[in-house]
Amino acid sequence: MPRKKKEKKMELKWKTAFELWEERRNIKRLKTGTPIDELIGGGIEEGEVVEFYGEFGSGKTQTALTLTTCVAGEMDENVLFVDCEGTFKPERVVEIAGARGYDPEEVLKRIHLVQPLTSDEQMEVFDQIPKDVKPKLVVVDGVTTLFRQEYIGRENLSKRQGLLRQFLRKMITYVRQNRAFGVVTNQVYGNPDGTPFMPLEYRELAVGGHSLYHTIDNRIFLRKAKGGTRIARLVDSSRYPMQERPFKITEKGIEPIESEES
């Protein structure tokens, strides 16, 4: 009988905690330019994925578009924008770019957009990124939308969650390997066990359940407040305490409230 080929042994990469600490001292952050930065140590870290979730009109997509415009306009870097809800409006990017003093056409040229129509197409995104793009920011707007639309009912819940975990693992691996910034936005649903006495972030839960909760680095709940103000609350993080900060949405995208009042 022919001898079986000996499988190549996987080699693990070891480092000391000091070496990791040295690496992290030079890590870059993507600032939102709002008090959201105060929630997560000064901005989104390279190799990190942050989730913004909340009800319609809470500022999820506006946050994503502001970060997209700043990376493409101020940093002159490419952005990968995965629009799972089909709501991306280049006109809004042009408005934000113009208000911030960037060249709108150059900004649009650096945003590489894909609008998957099915969850199968969404699963292919990180396998088909053009080699010459090399995005510094990866945005998935409506990360659970297509999975939620296609896999309806409890009998499909296990398959839906399994595919969602696979997609998130692909995204996180790509972001970490390429030292990019990662952002996902997500919808909410009413907690069936919620009561009127619970804080809103416990009455309105992010779609995706534990597949998201145990995967995303920092999870930020956005909600509307009085006078057009929005509130960003850090709900889950392995490093930072739960706290909240206000911000507003203007022609510049998301901004600190003080910038308008001063």
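Begin by selecting E46 and K136, both of which are buried. In this predicted model, their side chains form a salt bridge, with 2.6 Å from N to O. The two residues come from distant parts of the chain, 90 residues apart: E46 sits in the loop between β2 (44-45) and β3 (49-54), and K136 in the loop between α6 (119-123) and β6 (137-141).

**The sheet**

Next, display the open sheet of nine strands, whose pairing is mixed. Its order reads β5-β4-β6-β7-β3-β10-β11-β12-β13. At the edges stand β5 (111-114) and β13 (253-255); each has a single partner strand, so one side of each lacks a neighbour in the sheet. On average, and ignoring direction, neighbouring strands are turned by 25 degrees against each other.

**From β10 to β13**

Select residues 218-224, which make up strand β10, and follow the antiparallel pairing with β11 over seven bridges. Within this pairing, K224 has R230 of β11 as its bridge partner. The hairpin of β10 and β11 has five residues between the strands, and in this hairpin G227 adopts a positive phi near 65 degrees.

Move on to β11 itself, residues 230-237. Seven of the eight residues of this strand are buried, so β11 is largely enclosed by the rest of the structure. Towards β12, the strand β11 is joined by five bridges, again in the antiparallel sense. Here R230 stands opposite F247 of β12. A hairpin is formed by β11 and β12 too, with five residues between them.

Now select β12, residues 243-250, which pairs with β13 in the antiparallel sense over three bridges. To locate one of these contacts, pick I249, whose bridge partner in β13 is I254. Then add helix α4, residues 90-100: this helix lies across β5, β12 and β13, and runs at about 45 degrees to β13.

**Charged pairs**

The structure holds 16 salt bridges. Stay with β12 and select R245 together with E38; their side chains meet in a salt bridge at 2.6 Å, N to O. E38 belongs to helix α2 (residues 36-39) and R245 to strand β12, so this pair ties together parts that are 207 residues apart in sequence. Are these two side chains buried or partly exposed? E38 is partly exposed, at 48% relative accessibility, and R245 is also partly exposed, with a relative accessible area of 24%.

For a pair within one helix, go to α5 (residues 104-109), where K109 and E106 lie three residues apart, about one turn of the helix. Their salt bridge has its closest N and O atoms 3.7 Å apart. K109 counts as exposed at 55% relative accessibility, whereas E106 counts as partly exposed at 32%. Thereafter select R29, E45, E48 and R239, which are joined into one network by salt bridges that share partners.

**Cysteines**

Finish with two cysteines, C70 and C84. C70 is buried, having a relative accessible area of 8%, and C84 is buried as well, at 5% relative accessibility. How many disulfides does a search of the whole structure find? The search returns zero.

Key
Residues are numbered from 1 along each chain as its sequence is written. This is a predicted model: local features need pLDDT of at least 70, side-chain atom pairs count only at pLDDT 80 or more; totals for chains, interfaces and linings use all residues. Side-chain values use heavy atoms; hydrogens and water are left out. Two strands pair if DSSP finds at least two bridges between them. Helices (H or I, at least four residues) and strands (E, at least two) are DSSP runs, numbered from the N terminus. Axes are lines fitted to C-alpha atoms, for helices over the stretch in contact, and angles run from 0 to 180 degrees between N-to-C directions. Contact means heavy atoms within 4.5 Å. A salt bridge is a side-chain nitrogen of Lys or Arg within 4 Å of a carboxyl oxygen of Asp or Glu. Buried means under 20% relative accessible area, exposed over 50%, partly exposed in between (1.4 Å probe, protein chains only). A disulfide is a pair of cysteine sulfur atoms within 2.5 Å.
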